[in-house]
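Thank you for making time this morning. I would like to walk you through one structure, slowly, and I will begin with a cysteine once you have it on the screen.

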Amino acid sequence: MHRLPGVRDEDCGCICRSRPAHGIALLRSPKSQSMNNHVSSGRVLGDAYRPDIDGLRCVAVIAVVGFHAFPLWLKGGFIGVDIFFVISGYLISAIIYDKLNTDSFSLSDFYARRIRRIFPSLIVVLAATAGIAWFCLRSDDHSQVGRHIAAGAAFLANIVLWNEAAYFDTTSILKPLLHLWSLAVEEQFYIVWPISLMLIWKYCRNYILSIAILIGLVSFAINILTLPRDPVAAFYLPFGRLWELMIGCALAYLVFTGSSVARGNSYTSCIGILLIIAALVSFDESAPYPGWRALLPTAGACLLIAAGPNAWFNRRILAHPVCVGIGLISYPLYLWHWPILSFGHILGTYEGSGELSRPLRISLVFASFVLSWLTYRFIEKPVRLRTFPILSPSVYAATATALMVYGLFITSLDGLPWRSIDQRPENAFLQHYSRLQRSFDRDMNPYYKPQCDFYDEDRKVSKDAIAETCTAAGPKGTWLLWGDSHAQALSHGLRTILPSGISLAQIATSGCRPRLTADPQPARGNACNKSNEYARQQLKVLAPSVLILAQKEQHEATDWDEIARFAHDSGVSSVVLVGPAPHWEPSLPMIIVKRHWGSDVSAISDGLVRSVFQTDQVLSVKYQHAESLKFVSLLQHLCSDQGCLAKVPEMRNPYNLTAVDYGHLSPEGSKYVAEKILLRSLSL
């Protein structure tokens, strides 16, 4: 859901003649000629400004900003990034086709224009983020922002974020430069495509369209195949995103050659906007993305561009001065809005829902618009019109490099923990829980037992096997823990209540719920299928006296009776299904600091995610009298009308929270749950 708006007029060279201060070129098609000579004899592609494309940028950036500021109002707003990709592929290819056709294309000139377009605003936002981070972020977060500054300046943000976490995790809003992933994808495309197009033009120019379509189809196939196996890679990496840009490339070529396929009308534009609206209202972050779903917004954008400036919707709506005005500031608006919203969450005060208040979010969006206009008026426009002090592209590149070095410096020194902000008690508190999270270091290894996880979080690949100690049998019997990372969170507590001579076998892979059959769309590099297959095998080998099942959420999607029957047939005596733990947004430690710092309250209702309560209620009713398994509700024991238990009772240690993040039990919380809740259910 984040991306960089595409090419602006200063990149359009000679095809932006009539409105150099504002415009984006329209490709005017040469008359149709034979396939043998239509490229070489084509003329310059036109000089008309298309305000409707700026209007389309407006649609895209409003969708993205709306989704980030008000995700419940515009649940599918993240599709704005896909619209931008199509626009960029179209316009950049138009520039290259035109200049290749007139033998005036220069790689150095192309990249110089890219630098002048991208770097000035980006440098300002990166520098502002670095300054705020220095004074406002504790060392762990400061170190992460330093890494993101370096990655943003080097256009590698998508690679770094892919290695860090999932896009839709609860900590995404706390990463001020998360949105630069799309800028990285686009710039990676700009590195490869111009060179490739030069070679294609030189040696097989009549096959440009075929090659573009082939590249797009291969990329789309990668997108479809990768999504179920590794949705984070499918989202961030360029291989599964290239097809969206290639749609614009292919459309630009069709317009360039005068193909009738590219001649749209008012009906075409209406269909296009309906496809975009359908995606906006029907998509949400729970569904895997991009996948086939991204076809709706990309096809919609393609049809709107193909319809031309005279189509009714394009002429009356997209070309309206308000839409055009927002489109003109779409790039700085995209750059500014996410850091502002992110720092608002980091520094602001939450409501009881765990979210920023609506007036505050509206104020942050307004501030984004103001900064965007100022950036456009006093940085972008002067640079484009050369009224700004002339700086060579090498100066901008050197400044970006300096920011990259600064970011690496901050990261290499662990975020500079000697700063005064790290000495504040509340920040030391957050730092403690930040370090307990598996994404930061290995402090949780003794408790979570990652050696029993079929997915390698460091290398982002599935393992062929887990440690033999994970399934070692005890002299007097074995219990088996099967599930995902929330099952891992129970591990420490369960080990403290094991009867003498009983061992706890653990087969728990993060992100993988228990299944009896192989997933036809294997997730996490097939780690889930490997984990579940091995668990089924070990049920028969170990014949554990007790099987404990646990996962994060969406328990309703699993037939637990079927799993219980399989377990009993394999020799298991008792099956225990553990319900979901409380979930907090954005995280329990953050809510404590923002809303309850210095308070002795142990149960809180702030930020609780209601969906897990619905799941728990369904399971409680369904398995209340089940003979095949025993359902244990954590919520019924941990929660009341006053809220859910946030602090472990009778702990004098200040680090006494029941969860380390949004819902994974802390070691102390795991022990409490095991001793106070699970012990009675497991003493069968």
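Please look for Cys58, which is buried, with a relative accessible area of 7%. Before I go further, let me say that what you see is a predicted model, and everything that follows should be heard with that in mind.

Cys58 takes part in no disulfide, and the nearest cysteine sulfur, which belongs to Cys323, is 4.3 Å away; since a disulfide here requires two cysteine sulfur atoms within 2.5 Å, that distance does not qualify. Another cysteine to note is Cys302, which is also buried, at a relative accessible area of 18%.

While we are in this part of the chain, consider helix α1, which covers residues 51-69. Its 19 residues should span 27 Å at 1.5 Å a residue, and the C-alpha atoms at its ends are indeed 27 Å apart, so the expectation and the model agree. The helix is mostly covered, with 16 of its 19 residues buried.

Now to the cysteines that are bonded. How many disulfides does the count come to? The count is three, and if we number the bonded cysteines in sequence order, the pairing reads 1-2, 3-4, 5-6.

Let me take these pairs in turn, beginning with Cys452 and Cys470, whose sulfur atoms are 2.1 Å apart. The link is left-handed, with -90 degrees about the S-S bond. Cys452 sits in the loop between α18 (445-448) and β3 (455-456), while Cys470 sits in the loop between β4 (461-462) and β5 (477-483), so this disulfide ties together parts that are 18 residues apart in sequence. Both Cys452 and Cys470 are buried.

Turning to Cys512 and Cys528, we find a disulfide with 2.0 Å between the sulfur atoms. This pair connects distant parts of the chain, 16 residues apart, since Cys512 lies in the loop between β6 (502-508) and α20 (527-542), whereas Cys528 lies in helix α20 itself. The torsion of -75 degrees about the S-S bond makes the link of Cys512 and Cys528 left-handed. Cys512 counts as buried at 2% relative accessibility, and Cys528 is buried as well, at 9%.

The remaining pair is Cys639 and Cys644, with sulfur atoms 1.9 Å apart. Which hand does this disulfide have, left or right? The torsion about its S-S bond is about 100 degrees, so the disulfide of Cys639 and Cys644 is right-handed. Here again both cysteines, Cys639 and Cys644, are buried.

Let us move from the cysteines to the strands. Strands β5 and β6 pair in the parallel sense over seven bridges, and one of the bridge partners to look for is Ile502 in β6, which is matched with Gly477. All seven of the seven residues of β6 are buried, so the strand is largely enclosed by the rest of the structure. Ile502, Leu504, Gln506 and Ala508 point one way from β6, and Ser503, Ala505 and Ile507 point the other way, yet all of them are buried.

That brings us to the nonpolar cores. The largest has 157 residues, and those with the most contacts inside it are Ile79, Tyr97, Leu122, Leu494, Ile548, Leu678 and Leu682. Helix α2 (residues 80-101) gives the most to this core, with 13 residues. If you click on Ile79 and leave out residues up to four places away in sequence, you will find it touching Ile276, Ala279, Leu280, Phe283, Tyr289 and Pro297. Apart from this core lies another, of 27 residues, and among them is Cys452, the cysteine we met in the disulfide with Cys470.

I would like to finish with two buried residues in loops. Arg419 is in the loop between α16 (393-412) and α17 (425-436), and it is buried, with a relative accessible area of 4%. A polar atom of the Arg419 side chain lies 2.7 Å from the backbone oxygen of Leu137, and beyond its neighbours within four places in sequence, Arg419 is in contact with residues including Trp134, Phe135 and His142.

His664, for its part, lies in the loop between β12 (643-645) and α25 (667-682) and is buried at 10% relative accessible area. Its side chain makes a polar contact with the side chain of His486, at 3.4 Å, and, leaving aside neighbours within four places in sequence, the residues in contact with His664 include Tyr448, Ser485 and Thr658.

Methods
Residues numbered from 1 in each chain as written. Predicted model: local features only at pLDDT ≥ 70, side-chain atom pairs only at ≥ 80, totals over all residues. Heavy atoms only, no water. Helix = DSSP H or I, 4+ residues; strand = E, 2+ residues; numbered from the N terminus. Buried < 20%, exposed > 50% of the residue type's maximum accessible area, 1.4 Å probe, protein only. Expected span 1.5 Å × (residues − 1). Polar contact = N/O pair within 3.5 Å; in protein donor to acceptor, adjacent residues only side chain to side chain. Contact = heavy atoms within 4.5 Å. Core = buried A, V, L, I, M, F, W, Y, C linked by side-chain atoms within 4.5 Å. Pairing = 2+ DSSP bridges.
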